[in-house]
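Here are a few exercises to work through with the model open beside you. Try each task before reading its solution.

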Amino acid sequence: MTEIMMNSLNILAVGILLASLMAMTTPRMGQLIRIFTLQSLMLACMAALVGYHTGSEHLYIIASIIVLLKVFIIPRFLNYSIERIKVKRELEPLLGIPGSLLLSAAIVVLAYFVTEPVISLTEVITRNCLAISLAVTLIGLLLMITRRKAMTEVIGLLMMENGLFLAVISTSHGMPLIVEMGIFFDVLVAVIIMGMFAFRINETFETSDTSILKRLRY
Amino acid sequence: MDYSLFIITTLQFLALLVSAPAAVGLIRLLKARAQGRRGASLLQPYRDLRKLWRKDEQVSEDASWLFRVAPLISAASVILTASMLPVLHVTVLGPGSDMILAIYILMLARAILVLSSLEGGSVFGGMGGSRDSMISVLIEPALLLSIFSLAALAGSTELSSTAQFISQGGYLIIGPTLILAAASFCITTLAENARLPFDNPATHLELTMVHEAMVLEYSGRSLALMEYSSWLKLTVFITILVNGFLPWGISSTLDPLSLALAFVAFMFKLILALGLIALLESQMAKMRLFRLPNLLTTSFTLALLALMAFYIL
């Protein structure tokens with residue numbers, strides 16, 4: 001029983017990592033949002049599975065909030081924003097697809113070596129996912145660094161948040177409910193503000209390319 | 001003296017050799033049906049081979065002995081690899097079933113094909129050869145890493161042992177490593193056999209062809225050998241895929257019932273794989289040449305992740 005649970009948790013964790021890698025490969029905004037939705041759905045499944053295994057009911061509530069917020073509301077809002085800004089593709093990422101994929105693979109290896117001493121200390125069922133959660137967080141950061149469009153950077157931030165949440169459920173089976181609720185509310189507000197901000201950047205400069213913002217200095 | 005093991009391994013080897021053109025015929029037939037055409041019969045590739053075998057051969061006057069020898073080496077190395085694969089029963093007729101050896105024997109066929117493509121002295125040959133060597137350089141790490149992750153999982157690089165280990169390992173063996181390695185191997189199978197997102201096997205358009213450009217100068221019996229070895233290579237790769245990564249149903253005893261079961265399972269998996277290729281090819285357009293590294297790097301990353309997942313999880 002525990003082994004089946006562990007196996008399906010592992011498959012879900014690798015699926016989440018794979019979604020992050022897929023996000024590195026696609027230049028299309030719509031596809032990026034779909035990948036983020038899929039990643040959040042897998043994260044919700046994982047939270048529910050861990051909740052079932054450990055018997056902590058608040059994880060069910062958190063899983064349903066993830067589904068509501070990150071599978072329905074935030075992707076809808078992002079889609080609405082890219083409709084308004086009319087940005088469909090990332091035209092010139094700073095790093096090509098093969099390069100960013102290889103860099104992400106290196107990040108996965110790095111994350112494994114960094115978390116290995118911690119993994120050997122704990123006994124929780126999801127301890128193996130710690131390396132993956134660190135990798136997902138760092139790949140989200142890489143996505144934010146290497147892309148220029150404001151919306152892609154927002155999705156990178158959301159993916160980093162997914163990675164952090166994975167770290168939380170893999171080390172301590174979730175934080176207290178009130179803290180989680182606060183974080184989710186923060187994320188929602190942050191996404192809305194950033195969406196508005198991207199729209200403003202677009203309106204003022206006729207582009208949502210953030211590298212142009214450097215000119216504000218002059 | 002018990003000959004039954006020898007008979008079984010010989011039979012499965014011969015069956016692989018005989019069924020290779022039918023496998024390609026099946027892909028073409030399914031593709032034609034998916035596009036609303038009637039399509040040629042399953043036996044058409046055999047008829048093509050017979051026709052080519054009877055025809056006269058034209059050899060360019062610039063060509064050296066390599067041009068004549070290349071089809072023979074290519075066919076021989078693919079046939080040797082076919083003898084190294086377990087199909088129904090886990091033992092093999094050939095010299096062991098080491099996958100690293102098998103892959104490099106296939107690489108030999110590829111190298112000789114690239115060399116011979118320059119022999120004809122035509123422009124297209126060289127172009128096809130340079131494109132093919134670019135693709136094969138990108139394929140090799142992905143292919144080897146997916147084999148390595150299978151080997152790490154099952155503790156052996158012999159396909160016989162991995163097939164036995166995985167098919168008897170129960171459902172717990174279906175983990176991230178196996179799934180990711182299989183996904184990576186699927187992409188490399190398409191690339192290695194010049195199937196659709198990488199190369200269109202049904203066209204001779206100058207600007208896009210890769211494999212067809214290399215065999216453009218061949219005719220008659222040499223062309224028959226070249227075509228046959230590329231068809232057999234597809235069957236060999238699909239056999240590695242289904243018996244290496246999803247070997248459930250393969251028989252490790254000589255019991256007739258389990259052999260029959262293995263036959264049904266293998267045919268089911270083979271036809272499923274061919275059907276998926278046909279479906280994919282009627283859905284997808286060929287990728288631009290300079291976007292191929294993206295897909296091949298994806299395959300490499302999948303395989304690397306498979307190997308990492310084996311150690312992390």
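**Exercise 1.** How many helices and how many strands does chain B have?

*Solution.* First, the ground rules. This is a predicted model, where local features need pLDDT of at least 70, side-chain atom pairs count only at pLDDT 80 or more, and totals for chains, interfaces and linings use all residues. Residues are numbered from 1 along each chain as its sequence is written, while chains are lettered from A and ligands numbered from 1 in the order in which they are written.

Now count: chain B has 11 helices and zero strands. Here helices are DSSP runs of H or I with at least four residues, strands are runs of E with at least two, and both are numbered from the N terminus.

**Exercise 2.** Work out how compact chain B is.

*Solution.* Start with the radius of gyration, taken over C-alpha atoms, which is 19 Å. The globule rule (2.2 Å times the number of residues to the power 0.38) gives 20 Å for 313 residues, so chain B is as compact as a globular protein of that length. Next, check the extent: the C-alpha trace spans about 55 × 50 × 45 Å along its principal axes.

**Exercise 3.** Find B:A194 and say whether it is buried or exposed.

*Solution.* Look in the loop between α7 (176–192) and α8 (211–214) of chain B. B:A194 has a positive phi of about 55°, although it isn't a glycine. Then count neighbours: 21 other C-beta atoms lie within 10 Å, so B:A194 is buried (20 or more other C-beta atoms within 10 Å of its own, C-beta atoms being placed from the backbone; 12 or fewer is exposed, in between is partly exposed).

**Exercise 4.** Describe how α6 (residues 150–172) and α7 (residues 177–205) of chain A pack.

*Solution.* Two packed helices are described by the angle between their axes and the distance between the axes. For this pair, the angle is about 165° and the axes are 9 Å apart. Therefore α6(A) and α7(A) are roughly antiparallel (over 145 degrees; under 35 is roughly parallel, 65 to 115 roughly perpendicular, the rest oblique).

Finally, look at who meets whom. Residues in contact have C-beta atoms, placed from the backbone, within 7 Å. On α6(A), the residues include A:V154 and A:L158; on α7(A), they include A:V187 and A:I201. The contact divides into nine nonpolar, one polar and one charged residue (Ala, Val, Leu, Ile, Met, Phe, Trp, Tyr, Cys and Pro count as nonpolar, Asp, Glu, Lys and Arg as charged, and the others, Gly among them, as polar).

Technical notes: Axes fitted to C-alpha atoms, helices over the stretch in contact; angles between N-to-C directions. Contact = placed C-beta atoms within 7 Å.
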